[in-house]
Amino acid sequence: MSEFTAALALVQTDRMEEIVRWKNQVAREHLDPVHRDRLILPEGMVSGLYKYVVFDSIERSTGKVYADPCHRIMGTHDDLPNTDWVAGNHWCVPLYYRPGERAG
């Protein structure tokens with residue numbers, strides 16, 4: 001990691017709670033109502049929303065979390081049909097932190 005990258009990471013780490021709170025507010029208010037078929041976390045769990053995962057095909061996607069599940073990459077031949085289904089049927093909705101904007 002370069003010194004420049006480390007300096008950016010240090011500043012962002014100090015602001016992590018603000019960033020996570022902003023992204024979750026935007027997701028709850030603007031994305032959840034539009035994307036009913038989405039990844040829903042267990043009660044009480046808070047996500048940093050590195051990716052907002054949905055199970056409907058979308059026009060603008062930031063890609064997939066995993067195109068190939070780990071057991072396929074490693075060649076273990078495990079039978080994990082749910083994992084295979086998620087890998088093949090999820091997309092990620094763009095959600096970027098914009099500090100000048102107010103959520104909502």
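Two residues are in contact here when heavy atoms of theirs lie within 4.5 Å. With that in hand, welcome to this predicted model, a protein of 104 residues. The protein has four helices and two strands, and a good place to start looking is Leu 49, which touches Lys 23, Asn 24, Ala 27 and Leu 95, leaving aside residues up to four places away in sequence.

**Overall layout**

- Starting at the N terminus, the elements follow the order α-α-β-α-α-β.
- The radius of gyration is 16 Å, well over the 13 Å that the globule rule gives for 104 residues, so the protein is more spread out than a compact globule.
- Along the principal axes, the C-alpha trace spans about 45 × 40 × 30 Å.
- Among the contacts with a separation of 6 or more, 65% join residues that are 24 or more positions apart.

**Surface and charge**

- The accessible surface of the protein is about 7900 Å², and carbon and sulfur atoms account for 55% of that area.
- Buried residues make up 24% of the protein.
- The protein carries 12 positive and 15 negative side chains, with the centres of these two sets 6 Å apart.

**The largest nonpolar core**

- This core holds 12 residues: Ile 19, Trp 22, Val 26, Ala 27, Leu 31, Leu 49, Tyr 52, Val 54, Ile 58, Val 93, Leu 95 and Tyr 97.
- Helix H2 (16–31) and strand E1 (52–54) each contribute at least two residues to the core.
- H2 gives the largest share of the core, with five residues.

**Two residues with a positive phi**

- As background, most residues other than glycine have a negative phi.
- Leu 49 is not a glycine, yet its phi is positive, at about 55 degrees.
- You can find Leu 49 in the loop between H2 and E1.
- Leu 49 has a relative accessible area of 6%, and buried means under 20%, so Leu 49 is buried.
- Leu 49 also belongs to the largest nonpolar core, and two of the residues it touches, Ala 27 and Leu 95, are listed in that core as well.
- His 77 is likewise not a glycine and has a positive phi, of about 60 degrees.
- The loop between helix H3 (70–73) and helix H4 (81–89) is where His 77 sits.
- The relative accessibility of His 77 is 71%, and exposed means over 50%, so His 77 counts as exposed.
- Side by side, then, Leu 49 is buried, whereas His 77 is exposed.

Methods. Residues numbered from 1 in each chain as written. Predicted model: local features only at pLDDT ≥ 70, side-chain atom pairs only at ≥ 80, totals over all residues. Heavy atoms only, no water. Rg over C-alpha atoms; globule rule 2.2 N^0.38 Å. Buried < 20%, exposed > 50% of the residue type's maximum accessible area, 1.4 Å probe, protein only. Areas by Shrake-Rupley, 256 points an atom, 1.4 Å probe, with all protein chains shown as cover. Lys, Arg positive; Asp, Glu negative; His and termini not counted. Charge placed at Lys NZ, Arg CZ, Asp CG, Glu CD. Core = buried A, V, L, I, M, F, W, Y, C linked by side-chain atoms within 4.5 Å.
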